[in-house]
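Colleague: I have a model open on my screen and would love a guided close look at one part of it. Could you walk me through the salt bridges and the helix that carries several of their partners?

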Amino acid sequence: MAVVPFPEFRLGKVLATSFTGTLSERHGEALERIPVPSRLADWLDIHGLAVDSCNHSQLDHARELRESIHAAATAVANQDPLPSSAVQVINDCSIQGRASAILTPEGEREWRLASASVEDALSVVAADAISLLAGERDGKISLCASPTCRAAFFDTSRGHTRRWCDMNTCGNREKKARFLANKRNQSSLSD
């Protein structure tokens, strides 16, 4: 029996929006990048939030946080009011965990989890989302221009004009589609 590999993570520079990217192609054929508890533990570990273990209930809780962050980020990007249910989930996750920011000798911020639990790790993700959604950073929450993706991302480009959540995936796919359509149009005009 062949082992089916898990889809790769899309790793961004912003923890909260990278977390929402664990479900991609939300308006097409959705791709779940944390289909099992061990993949959530893998994602957390990659982001410096290593946990001892993860169960299905914690995975469900993490997905609820992910969808709440995405709903709130979408509201911010569309300049709509924040959904109260999403705000409640984000706030609850933030206060339920115990984590502390520490300064490394290299001058970087690192998180220390009190118990290496999923709840502690998710509190860090929720706190990052709060910082982002509250507008505490220089940048703008935007939605990917790909009609099948529509992922929330944090745009720090000059003028905040970035269109794609990831140029290597959505951007290239959309540019390739446009190129092929133009090529077909040119071919039909010359016939």
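**The salt-bridge network and its surroundings**

Modeller: Happy to! R26, E32, R63, R66 and E67 are joined to one another in a network of salt bridges. Please keep in mind that this is a predicted model. In total, the structure holds 6 salt bridges, and I will take a few of them in turn.

Let's start with E67 and R26. These two form a salt bridge in which the closest N and O atoms are 2.6 Å apart. The pair ties together distant parts of the chain, as E67 sits in helix α3 while R26 belongs to the loop between β1 (23-24) and β2 (31-32), 41 residues apart. How buried or exposed is each partner? E67 has a relative accessible area of 30%, so E67 is partly exposed. R26 has a relative accessible area of 18%, and because buried means under 20%, R26 falls in the buried class.

Now move to R63 and E32, two other members of the network. Their side chains meet in a salt bridge, with 3.6 Å from N to O. Here too, distant parts of the chain are linked: R63 is in helix α3 and E32 in strand β2, 31 residues apart. R63 is partly exposed, with a relative accessible area of 22%. E32 counts as partly exposed as well, at 21% relative accessibility.

For a local pair, look at R39 and D42. Their salt bridge has its closest N and O atoms 3.3 Å apart. Both residues lie in helix α2 (residues 37-46), and the 3 residues that separate them amount to about one turn of the helix. R39 counts as buried at 12% relative accessibility, whereas D42 is partly exposed, with a relative accessible area of 35%.

Back to helix α3, which holds both E67 and R63. What does α3 do alongside α4? The axes of helix α3 (residues 56-77) and helix α4 (residues 84-96) come within 8 Å and cross at roughly 130 degrees. That angle lies outside the ranges for parallel, antiparallel and perpendicular, and the two helices are therefore oblique to each other. The crossing of α3 past α4 is left-handed. On the α3 side, the contact is made by H61, E64, L65, S68, I69, A71 and A72, and on the α4 side by A86, V89, I90, C93 and Q96. Sorted by character, the residues of this contact comprise 8 nonpolar, 3 polar and 1 charged.

Between these helices there is one more residue to click on. Q79 is found in the loop between α3 and α4. Q79 has a positive phi of about 55 degrees, although it is not a glycine. With a relative accessible area of 74%, Q79 is exposed.

You can set R150 beside it on your screen. R150 also shows a positive phi of about 55 degrees without being a glycine. The place of R150 is in the loop between β5 (140-143) and β6 (152-155), and R150 is partly exposed, with a relative accessible area of 30%.

If you want one view to save, try helix α3: E67 there reaches R26 through a salt bridge, R63 there pairs with E32, and residues including L65 and I69 take part in the contact with α4.

Methods: Residues are numbered from 1 along each chain as its sequence is written. This is a predicted model: local features need pLDDT of at least 70, side-chain atom pairs count only at pLDDT 80 or more; totals for chains, interfaces and linings use all residues. Side-chain values use heavy atoms; hydrogens and water are left out. Axes are lines fitted to C-alpha atoms, for helices over the stretch in contact, and angles run from 0 to 180 degrees between N-to-C directions. Helices (H or I, at least four residues) and strands (E, at least two) are DSSP runs, numbered from the N terminus. Angles under 35 degrees count as roughly parallel, over 145 as roughly antiparallel, 65 to 115 as roughly perpendicular and the rest as oblique. A crossing is left-handed if the near helix is turned anticlockwise from the far one by less than a right angle, and right-handed if clockwise. Contact means heavy atoms within 4.5 Å. Ala, Val, Leu, Ile, Met, Phe, Trp, Tyr, Cys and Pro count as nonpolar, Asp, Glu, Lys and Arg as charged, and the others, Gly among them, as polar. A salt bridge is a side-chain nitrogen of Lys or Arg within 4 Å of a carboxyl oxygen of Asp or Glu. Buried means under 20% relative accessible area, exposed over 50%, partly exposed in between (1.4 Å probe, protein chains only).
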